[in-house]
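User: Please take a close look at one part of this structure, the nonpolar core and what adjoins it in the chain. I would like one connected account that ends with the backbone and the helix packing elsewhere.

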Amino acid sequence: MAGQRVAQHLFRAALTRLRRRQRPGRTEPTAGALTGSPHPWSRALGLTTIAVVGAWLGLLIVGSVETSVGPMNTSMALRPDLTGGTKITVSPLGSLEIESHSAPVRLDVRVDRLDPIRSRALVERPERLSGLEKEVARDVAGGTSELALRSCAAVVAGATALGLAVYRRPRRALAAGGLALGMLVVSGVTAAVTWNPKSVLEPKFSGLLTSAPSLVGDARSIVTDFDVYQQELARLVTNVTKLYDATSNLPTYQPNPLTMRVLHVSDIHLNPASWRIIGTLVEQYGIDVIIDSGDTMDHGTSAENVFLDPIADLGAPYVWVRGNHDSRITQRYLTKFKNVRVLDEGRAVTVAGLRIAGSGDPQFTPDRSVQAEGDPAERMMGIRLASALRDQARAGTPVDIAVAHNPVAARETDGTVPLVLAGHVHRRVNEVLKHGTRLKIEGSTGGGGLRALQNDKPEKIRASVLYLDRTSRRLQAWDEITLGGLGLATAEVSRHIPEENTRRATRSPSPPPPSRSPVP
């Protein structure tokens with residue numbers, strides 16, 4: 001965008017200069033009148049400069065095309081570059097560069113988003129998956145052909161316009177346009193001659209994609225087994241969409257004024273599918289408040305912040321504590337949302353009639369410049385949180401639910417609060433501590449995020465709906481929702497009742513699903 005603004009500014013300056021020279025009665029001596037006819041080499045150098053600059057300006061302003069490649073919407077553009085190559089940008093994850101050719105032009109490809117209509121069509125008609133490779137090939141061929149035509153028109157228009165503004169002679173301007181077109185054609189031929197198909201074996205990653213080689217495996221095996229990967233990718237697209245369908249059909253419960261519903265999520269780890277799942281659960285269950293016990297991010301960088309934007313549209317208040325993968329940058333960004341309550345240093349808030357307090361994780365492990373202090377730091381944070389909970393009780397505003405990311409810290413609140421929520425370990429734990437506080441640890445609502453690719457088996461997506469009595473604000477029951485992770489399309493809901501409430505607790509206001517043994 002900055003390059004386009006500079007190009008537009010240069011064009012306006014050149015046109016202004018042309019208008020001034022064309023004012024009636026105004027004449028200016030030409031360069032030839034002052035110094036004699038310029039040397040042919042000087043004229044050639046000047047024409048070449050005009051052609052190069054004009055072609056560059058044309059490519060910046062109008063030299064890009066938007067096209068669909070399979071179910072993805074992409075933007076393609078040619079950019080002047082001495083080393084050539086191809087750059088693929090996948091926002092907000094980063095980019096990868098491939099030394100695909102040696103020519104003074106670079107191919108830029110930006111993946112904008114997944115087309116929901118075309119993705120849905122693949123799911124509804126699975127027979128199309130067999131032709132997905134040919135469809136992608138056609139789309140790429142069509143996109144590059146359109147890009148070639150657009151680029152030719154852009155360099156000719158840019159160089160001709162700039163030549164006309166400088167020389168004020170149509171023939172010289174057309175010569176600049178023709179020269180620009182010739183240089184583009186030569187660049188294209190050079191790129192074709194120097195094309196290196198093996199360059200995809202050694203891509204250069206930047207941004208969050210720097211971890212891609214360790215996550216997706218050796219690039220050589222991907223190229224060798226391309227057909228297998230293609231089939232698995234197509235199956236993944238199908239299963240993810242089926243997963244969304246499964247969440248839309250989860251059991252619905254009728255509202256009951258005596259029951260408050262809390263959705264506990266944790267360890268989303270930058271998985272964009274989580275927001276759709278959470279939004280569906282909020283709608284299906286009539287959730288009063290969402291509590292996120294941290295690790296929403298993976299690296300805590302400002303580039304990741306855009307991932308958090310869907311929180312504003314989830315349809316429920318969102319209470320959040322910082323995890324060890326969430327930075328202070330993440331925390332500051334979340335404070336801008338009207339429906340978000342950020343808890344730290346034992347801060348307490350009242351949301352939907354519940355008093356909730358929490359503290360962010362004291363450690364930020366992606367920062368390798370600082371040595372992690374481990375469990376001692378977590379215990380100290382838990383002790384401070386327990387002290388804040390006691391202060392709240394003495395002030396006459398006792399806390400109903402405490403939140404910490406690490407279970408080590410959460411355990412320190414035993415005896416100061418009825419219920420404490422945590423995450424971090426990517427598995428569910430339900431335990432009544434020594435002094436009566438119930439500790440509930442949630443699994444990963446993001447299925448481990450990108451980390452799931454490191455496991456032999458896909459990590460499942462987990463969340464829980466907690467039912468609390470509106471008068472006593474005590475836990476009456478909870479539903480554990482478990483969804484299949486990457487490559488799996490399953491959905492399971494199980495009802496659990498605390499042992500101490502088995503005889504006297506008010507059940508959630510609808511016929512329960514098939515009974516299961518209570519979790520101790």
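The account below starts with the overall make-up and then turns to the core.

Analyst: The model is a predicted one. The protein contains 13 helices and 19 strands, and 46% of its 520 residues are buried. Of the contacts with a separation of 6 or more, 61% are between residues 24 or more positions apart.

The largest nonpolar core comprises 33 residues. Leu263, Trp275, Ile278, Ile290 and Tyr318 are the residues with the most contacts inside this core. Two or more residues each are supplied by β7 (259-265), α10 (273-285), β9 (318-321), β10 (340-343), β17 (461-469) and β18 (475-483). Helix α10 gives the largest share, six residues. Leaving aside residues up to four places away in sequence, Trp275 touches Ile268, Thr296, Phe307, Leu308, Pro310, Ile311, Leu314 and Tyr318. Tyr318 is thus a contact of Trp275 and, like Trp275, one of the residues with the most contacts inside the core.

Between β7 and α10 runs a loop that holds Ser266. Ser266 has a relative accessible area of 0%, which means that this serine is buried. With residues up to four places away again not counted, the contacts of Ser266 are Asp292, Ser293, Gly294, Ala422, Gly423, His424, Glu442, Gly443, Ser444, Thr445 and Gly446.

One of these contacts, His424, belongs to the loop between β14 (419-422) and β15 (429-432). Its relative accessibility is 29%, so His424 counts as partly exposed. Most residues other than glycine have a negative phi. His424, however, has a positive phi of about 80°. Arg168 is also a residue other than glycine with a positive phi, near 60°. Arg168 sits in the loop between α5 (132-167) and α6 and, at 37% relative accessibility, is partly exposed.

Helix α6 (residues 170-193) packs against helix α3 (residues 40-62) at an angle of about 65°, and their axes are 8 Å apart. The two helices are therefore roughly perpendicular. The crossing of α3 past α6 is right-handed. On the α3 side the contact is made by Arg43, Leu47, Thr48, Ile50, Ala51, Val52 and Ala55. On the α6 side it is made by Arg172, Ala175, Ala176, Leu179, Ala180 and Met183. By class, this contact has ten nonpolar, one polar and two charged residues.

Methods:
Residues numbered from 1 in each chain as written. Predicted model: local features only at pLDDT ≥ 70, side-chain atom pairs only at ≥ 80, totals over all residues. Heavy atoms only, no water. Axes fitted to C-alpha atoms, helices over the stretch in contact; angles between N-to-C directions. Helix = DSSP H or I, 4+ residues; strand = E, 2+ residues; numbered from the N terminus. Parallel < 35°, antiparallel > 145°, perpendicular 65-115°, else oblique. Left-handed = near helix turned anticlockwise from the far one by under 90°. Contact = heavy atoms within 4.5 Å. Nonpolar A, V, L, I, M, F, W, Y, C, P; charged D, E, K, R; others polar. Core = buried A, V, L, I, M, F, W, Y, C linked by side-chain atoms within 4.5 Å. Buried < 20%, exposed > 50% of the residue type's maximum accessible area, 1.4 Å probe, protein only.
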